[in-house]
Amino acid sequence: MIHLLYKSSYVFVVFYYVIIPLGYLTKWWVSVEKMKGNSTILVTGGAGYVGSHTVVELLKNNYTVIAIDNNVNCYATGKDKPESLKRVEKITGESVTYYNVDIRDKEALDKVFKLHKIDSVIHFAALKAVGESVQIPLTYYQNNVGGSSTLFEVMAKNGVKKLVFSSSATVYGTPQFLPITEKHPTGQGCTNPYGKTKYFVEEILKDVCTSDSDWKVVLLRYFNPVGAHESGLIGEDPSGIPNNLMPYISQVAVGRREKLQVFGSDYPTVDGTGVRDYIHISDLAIGHLKALERMLQPHYTSWKAYNLGTGRGYSVLEMVKAFSEVSGRQIKYELVERREGDIAACYADASLARAELNWTATRDIKAMCRDTWNWQKKNPKGFQTS
Ligand SMILES: NC(=O)c1ccc[n+]([C@@H]2O[C@H](COP(=O)([O-])OP(=O)(O)OC[C@H]3O[C@@H](n4cnc5c(N)ncnc54)[C@H](O)[C@@H]3O)[C@@H](O)[C@H]2O)c1
């Protein structure tokens, strides 16, 4: 009798803890593999820096991509396919369906949803210059917040309720603790309209998920994307004076700018200059594929936020030194006063993405500098060829 009882509880344990979880895992794995082959992803802002690198990774993994962009911040002749997407086609040998569509244009968006059977959306389209957002806040609110809510409305109308949203570490405002986890408060101390637009769109999406349990949303909070595709065919191509450190350094290296101004050298950091969490653009792009897979996991509903960073900060001077070593060029710089609104250090706790997205950044500071330099050297004027 005891022997029988022992045996049946053993069968129960195997069934409960091995067979059932294995069944779930297989179901999930099959649905992910099926999704890759058959899935059509609408990528808004697909011609931009993060968008174009993500389109490369999507195509490499057999997704069908529909890219839309209004070309406000990418190089294109007229309403033609932007140069970045032509280069994506060169890298992958695949074609990208592209529409010149503004996310604020409800009718044009709706047409795209009617023309294609879209499964999920990755939403990059936004204006992103922090300084400019202070000068023209209404343009930022209209484009980033108004445009996003128009997009969500059209998605819902067409029964598409899976979305990955490009958010930003700016939603955390001034860090209350480091490294920053996803539990850090958001929306408090966002110092500029750009950061607030990211926070507001996150809040809109949370409300949408509360109102309708069919929605599945992943909020990806990026830290500081840098680098370029290893081919040197696509990379960051800022118009005018770069707002970010890496494109500035590389433009100094290539002789387009005279010297770098380092804002603040008396912060309580390793060498007094500001520390940030830089992440290679190709690692960031892969994070979006992992987010798509996450939405298909059994029981995934509603929304969840993930930090995409390396979890390691580098100072401005460390970045300058690394870039000099890789490029063999001297980077001229001068130390100047702190800039208002800047913080000493900001870096991510990226352990949640590792645990739940099965994602981790693999490219180091050397790869970030090498690929930036490769892109800059081959394209001193960015995507503009003449
Ligand atoms: N690059 C960063 O440092 C960074 C950091 C955190 C978050 N983000 C977010 O990631 C996303 C992509 O950033 P990026 O660096 O690739 O910027 P980007 O400017 O290179 O790309 C954005 C693209 O969206 C397009 N766009 C803008 N408004 C549009 C509209 N109304 N309709 C259609 N297209 C529109 C632009 O033409 C551009 O091609 C943005 O939402 C940005 O806020 C970027």
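Modeller: A cavity is a set of grid points where a 1.4 Å probe fits but cannot get out. This is a predicted model, and its largest cavity has a volume of about 70 Å³.

Colleague: How many cavities of 30 Å³ or more does the structure hold?

Modeller: There are 2 cavities at or above that volume. The second largest cavity comes to about 50 Å³.

Colleague: What makes a residue part of the lining of the largest cavity, and which residues line it?

Modeller: A lining residue has an atom within 4 Å of a point. For the largest cavity these residues are V226, G227, E236, M246, P247, S250, Q251, T372, W375 and Q376. By class they divide into 4 nonpolar, 5 polar and 1 charged.

Colleague: Which helix gives the most to the lining of the largest cavity?

Modeller: Helix 8 does, with 4 residues. Helix 8 (245-253) and helix 12 each supply at least two residues of that lining.

Colleague: What lines the second largest cavity?

Modeller: Its lining is made of E236, D237, P238, Q251, R256, W375, Q376, N379 and G382. Of these residues, 2 are nonpolar, 4 polar and 3 charged.

Colleague: Helix 12 also packs against helix 10. Why are helix 10 and helix 12 called oblique to each other?

Modeller: Helix 10 (residues 316-327) and helix 12 (residues 365-378) pack at an angle of about 60°. Roughly parallel needs an angle under 35 degrees, and roughly perpendicular starts at 65. The pair fits neither class and is therefore oblique. Helix 10 passes helix 12 in a right-handed crossing. On the helix 10 side the contact is made by E318, M319, A322, F323, V326 and S327, and on the helix 12 side by I365, K366, C369, R370, T372 and W373. The residues of this contact divide into 7 nonpolar, 2 polar and 3 charged.

Colleague: Why is helix 2 called roughly parallel to helix 3?

Modeller: The axes of helix 2 (residues 49-60) and helix 3 (residues 83-92) cross at roughly 30° and come within 10 Å. The limit is under 35 degrees, so helix 2 is roughly parallel to helix 3. Their crossing is right-handed.

Colleague: Which residues of helix 2 and helix 3 meet?

Modeller: S52, V55, V56 and L59 in helix 2 meet S84, V88, I91 and T92 in helix 3. This contact has 5 nonpolar, 3 polar and no charged residues.

Colleague: What is known of the second largest pocket?

Modeller: About 160 Å³ of space lies in the second largest pocket. Its lining has 15 residues, with G309, T310, G311, R312 and A361 lying nearest its centre.

Conventions:
Residues are numbered from 1 along each chain as its sequence is written. This is a predicted model: local features need pLDDT of at least 70, side-chain atom pairs count only at pLDDT 80 or more; totals for chains, interfaces and linings use all residues. Side-chain values use heavy atoms; hydrogens and water are left out. Axes are lines fitted to C-alpha atoms, for helices over the stretch in contact, and angles run from 0 to 180 degrees between N-to-C directions. Angles under 35 degrees count as roughly parallel, over 145 as roughly antiparallel, 65 to 115 as roughly perpendicular and the rest as oblique. A crossing is left-handed if the near helix is turned anticlockwise from the far one by less than a right angle, and right-handed if clockwise. Contact means heavy atoms within 4.5 Å. Ala, Val, Leu, Ile, Met, Phe, Trp, Tyr, Cys and Pro count as nonpolar, Asp, Glu, Lys and Arg as charged, and the others, Gly among them, as polar. On a 1 Å grid over the protein atoms alone, a cavity is a set of points where a 1.4 Å probe fits but cannot get out, and a pocket is an open set with protein on both sides within 12 Å along at least five of seven lines; lining residues have an atom within 4 Å of a point. Grid points are joined across faces, edges and corners, and a volume is the space filled by probe spheres set on the points.
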